[in-house]
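This report covers selected helices and one chain-to-chain contact. The structure comes first, and the description follows.

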Amino acid sequence: MNIWVVLAAGGLATYLTRLSFIALAHRGTPPEWVARPLGFVPTAVLSALILPAVVTPQGSLEFDMAMPRVLAAAAAVVVAWRTRSVLLTLVVGMGVLWLATALLAP
Amino acid sequence: MPLQPGVSDNGTRGISPRVVRGPPYAAADARGEFLHGVAAELPLLLGVVPFGMIYGVLAARAGLTRMTAQAASALVFAGSSQFVMTQLVAGAASGLVIVLSIAAINARHALYSASVAPYLAHLSAAWKALLAYLLTDEAYAVSIGHLQADGPRAKRHFFLLGAGLTLWASWQVSTAFGLFIGARLPSAWSLEFTLPLMFIALVVPQVKDRAGLVAALLAGGVAVAAQGMPLGLGVLLAAMVGILAGTALGKRPA
C-alpha cells in the first residue's frame, strides 16, 4: 500500500474517532446514565496514560531504572493534592527525578 | 508574552467589563478564553517538544521521507500512534496493519469526544469539525476541567481552541526540528517525563471522592498490567474498567 494512502486512512480513522460523539451530540443536558460515566473519563484515561509512563516509559531514548520515576511521580501526586499548582507539581516532580537519578545511579 | 484578557492589540478597547470569574480562569470573553487556553497548554510543551523531536529523528531513521513524516504529524496528529507507525514502517509491515494499528491506538479519543461533546453541542458544524481535529491527549487534559467548571460557558470553546492550536503548532515545529536538525536535547534531562507529571497535576484535582480514587487506581493498574496487549489496546481497556468502577461506586464527580 502506498505510504500516502496509509497516512490518509490512518489520519481519517483518527479524525473520525475524535469527531464521533462531538458530531452526534445535540443540545440539552445529557441523561444521567450518560453523564455519570463521562464524569470519570478524564480521571480514568489520564491515569491509564500516567502509570505505564512512570513504570515503563516508551517513546524515550533513555533506559534507566524505574525507581527515580516512581519517587518523582509519588512526590508529584502529594504536591498536586496539597497545592493544586501545576507549576509546583512540575518543578518538584522533575527535581525529585533528577535528584533520585543522581543519587541512585550505579 | 503578555496575557491580558480583554485588551486589544492596539489598546483602544480597554479592559473588558465582562471579566472577574475568579482565578485561575478570569475571563469569559472569546479572546480571554483563547489566551487562557494557550497559557494552560504552555507547560506541557516542555514534554511535547522533545517527544516531537524524537519522533522526527526516529521517522527519518525508519526511512520515511521528510515530507511523509511531517505529513503524518499533520494528518494523524497523535504522538504515540506515530511512534508505532514508524516502527511498523521500519519493520516493513503491510499498509493495512499500519492503518489498523493507528486506529486502535487512537480509539481512546472516542472517550474524549464523548466527554467534551455536551460542552460543544451548541456550536456550528465547522467549529465541531475544527475542534475535533485538535482533540489530542494534551489539549483534552488541560481543557476538560475548565469546560466542566461553573460559570458562563458560551465562549469556553475558545479555551480548547487556544490549547489545541498551541499544541498543534508545537507538534509540527518539533517534528520538523527532529527531521532536519536531529534531537539535540540531552536525554539525561528526561524532559519527556514532564508529560506524565503534567497529567498528574491535572488528574489529582479531579479525584474528589472514593469513586474517583478507585477509578484512577484501577485504570492505572490495569494499564500497567495490560501493557502486553497489542496495538495499545490496554489503555482503552484500562480506561473502560476505571470508568465502570467509578460509575458503579459513586456519584458523578462534577
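Is G95(A) buried or exposed, judged by its C-beta neighbours inside 10 Å? The model is a predicted one. G95(A) counts as exposed because it has 12 C-beta neighbours inside 10 Å, and 12 or fewer is the cut-off for that class. G95(A) lies in helix α5 of chain A. Its C-alpha atom is separated by 26 Å from that of P42(A), and the two residues are 53 apart along the chain.

**Contact between the chains**

In this model, 63 residues of chain A are in contact with 79 residues of chain B. On the chain A side, α1 (3–24), α2 (32–39), α3, α4 and α5 each supply at least two residues. The largest share, 18 residues, comes from α1(A). By class, the chain A residues that touch chain B comprise 43 nonpolar, 14 polar and 6 charged.

**Packing of α5(A) on α10(B)**

Two packed helices are described by the angle between their axes and the distance between the axes. For α5(A) and α10(B), the angle is about 140 degrees and the axes are 9 Å apart. The pair is therefore oblique, since an angle has to be over 145 degrees to count as roughly antiparallel. The crossing of α5(A) past α10(B) is right-handed. On the chain A side the contact is made by V86(A), T89(A), L90(A), G93(A) and M94(A), and on the chain B side by T194(B), L197(B), M198(B), I200(B) and A201(B). This contact holds 7 nonpolar and 3 polar residues, with no charged residue.

The class counts for the two contacts are set out below.

| Contact | Nonpolar | Polar | Charged |
|---|---|---|---|
| Side of chain A that touches chain B | 43 residues | 14 residues | 6 residues |
| α5(A) with α10(B) | 7 residues | 3 residues | no residues |

**Helix α4 of chain A**

Helix α4(A) runs over residues 67–83 and has 17 residues. From its first C-alpha to its last it reaches 24 Å, close to the 24 Å expected at 1.5 Å a residue. Its buried residues are P68(A), R69(A), A72(A), A73(A), A75(A), A76(A), V77(A), V79(A) and A80(A). An α-helix has 3.6 residues a turn, so residues three or four places apart point the same way.

What do the buried residues of α4(A) pack against? Within chain A, they pack against α3 (41–55) and α5 (86–104), and in chain B against α10 (194–203). Just after α4(A), R84(A) takes a positive phi of about 60 degrees.

Key:
Residues are numbered from 1 along each chain as its sequence is written. Chains are lettered from A and ligands numbered from 1 in the order in which they are written. This is a predicted model: local features need pLDDT of at least 70, side-chain atom pairs count only at pLDDT 80 or more; totals for chains, interfaces and linings use all residues. Helices (H or I, at least four residues) and strands (E, at least two) are DSSP runs, numbered from the N terminus. The expected span of a helix is 1.5 Å times one less than its number of residues. A residue is buried if 20 or more other C-beta atoms lie within 10 Å of its own, exposed if 12 or fewer, and partly exposed in between; C-beta atoms are placed from the backbone. Two residues are in contact if their C-beta atoms, placed from the backbone, lie within 7 Å. Ala, Val, Leu, Ile, Met, Phe, Trp, Tyr, Cys and Pro count as nonpolar, Asp, Glu, Lys and Arg as charged, and the others, Gly among them, as polar. Axes are lines fitted to C-alpha atoms, for helices over the stretch in contact, and angles run from 0 to 180 degrees between N-to-C directions. Angles under 35 degrees count as roughly parallel, over 145 as roughly antiparallel, 65 to 115 as roughly perpendicular and the rest as oblique. A crossing is left-handed if the near helix is turned anticlockwise from the far one by less than a right angle, and right-handed if clockwise.
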